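Hi there,

Here is the structure I promised to pass on. Have a look at it first, and my notes follow below.

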Amino acid sequence: MTEKRSEISQLGEFGLIERIKGNVQLGNKTSLFGIGDDAAVIGAGDESILLCTDMLTEGVHFDLSYTPLQHLGYKAVVVNVSDIAAMNGRPEQIVVSLGLSNRFSVEAVDMLYEGIRAACKNYNVDLVGGDTTSSASGLVISIAALGRVNKNKVTYRSGAKVNDIVCVTGDLGGAYIGLQILERNKQEFLANPEMKPQLENFEYMVGRQLKPEARMDIVFELAELGIQPTAMIDISDGLASELLHISKNSGVGIKIFEDKIPIDSKVYETAAIELNIDPVTCALNGGEDYELLFTINQSDFEKIKNHQDIHFIGHVHDNARQNLLITKQGTPIPIQAQGWNHFRET
């Protein structure tokens, strides 16, 4: 009898995570929260330890033909710092593990760690260890981060309440457009190796892709204002995907408005004119912006209503099966996650 084989692509990345989560039981009293948010939560007296990890693999997450190793090292740290920020915590330590093929020299590793150290300095994080091993092909970077937060200040994806205001920091879609510009330049170079990169007009977007920043500044500012978000997540897979995570985990519905989604003017023009891509689609599904998406109680609105880098894009309602984008014309459209899926069949 042939044993049944199930393809991972049938589940997708998040389906696979849910399957793993369903077969895991926490046994230690200090394990307060495990799989299912931006970081795990470990009890430590009056504070909670936050633990997260992210892996970046060559050919999937980055292309070294246009990604400087220093930027890659910096970004690998930012990805983890952003997860700690999304739990309302502050990062303190990281460990770095590398898989290296013989393509890489000692000098190349030095450049990678130059970026890692720069990010550690910027976010006040200590590099305290890691591991190195050989890789059959390509480069693999895996970083685990430890953070800390008062036990009563941990912010999960599951805390959004009816009538909460939906907020997002910064602007969206820039990292995706930056990636498209880099890929276009790569293809042009392959067709004509004499061609020089044409990036003068796209510095902002390319920077958003190659060297993003985690929004720890917002975490600190909210704390100073006495605001604790009711739910929070970082935008790594696209606004639509993250909205659905909050909806599912909180058991609520979310309604956002197209004309409230923050898109930088250069990003908008480049998407619409240069690349003929809908800018709103880029913002909803592009990913890798590493901005923060969070909800707040209406009573906190007055404290941040004039904040130039926090945008109010919608509200929470009680129908968990109804997540809607209201277009500029007033048409309601169901929000669907169409961003990156690691295991989707291509």
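A word on naming before anything else: helices (H or I, at least four residues) and strands (E, at least two) are DSSP runs, numbered from the N terminus. Please also keep in mind that this is a predicted model.

With that naming, let me start with one residue. Tyr-268 sits in helix α8, which spans residues 265–274. Is Tyr-268 buried or exposed? Neither label fits: buried would need under 20% relative accessible area and exposed over 50%, so Tyr-268, at 36% relative accessibility, counts as partly exposed. Leaving aside residues up to four places away in sequence, Tyr-268 touches Ile-263, Pro-279 and Lys-328. For a sense of distance, its C-alpha atom lies 18 Å from that of Ala-240, and the two residues are 28 apart along the chain.

Now to the sheets. One is an open sheet of six strands with mixed pairing, and its order is β1-β2-β3-β6-β4-β5. Its edges are β1 (31–33) and β5 (126–134), each of which pairs on one side only. From one strand to the next, the twist averages 25 degrees.

Within that order, β4 (residues 90–100) and β6 (residues 140–150) run antiparallel and are joined by nine bridges. If you want a spot to zoom in on, Gly-99 has Val-140 in β6 as its bridge partner. Helix α3 (residues 106–123) packs on this sheet, where it touches β4, β5 and β6. The direction of α3 makes about 170 degrees with that of β4.

There is also an open sheet of seven strands, again with mixed pairing, in the order β8-β10-β7-β11-β9-β12-β13. Here the edge strands are β8 (231–234) and β13 (332–334), and each pairs on one side only. The twist in this sheet averages 25 degrees from one strand to the next.

Which strand does β9 pair with in the antiparallel sense over four bridges? The partner is β11 (residues 310–317), with β9 itself covering residues 253–257. In that pair, Ile-254 has Val-316 in β11 as its bridge partner. Helix α2 (residues 69–86) packs on the seven-stranded sheet and touches β8 and β10 (292–296). Its direction makes about 175 degrees with that of β8.

Happy browsing, and do write back with any questions.

Best wishes

Key
Residues numbered from 1 in each chain as written. Predicted model: local features only at pLDDT ≥ 70, side-chain atom pairs only at ≥ 80, totals over all residues. Heavy atoms only, no water. Buried < 20%, exposed > 50% of the residue type's maximum accessible area, 1.4 Å probe, protein only. Contact = heavy atoms within 4.5 Å. Pairing = 2+ DSSP bridges. Axes fitted to C-alpha atoms, helices over the stretch in contact; angles between N-to-C directions.
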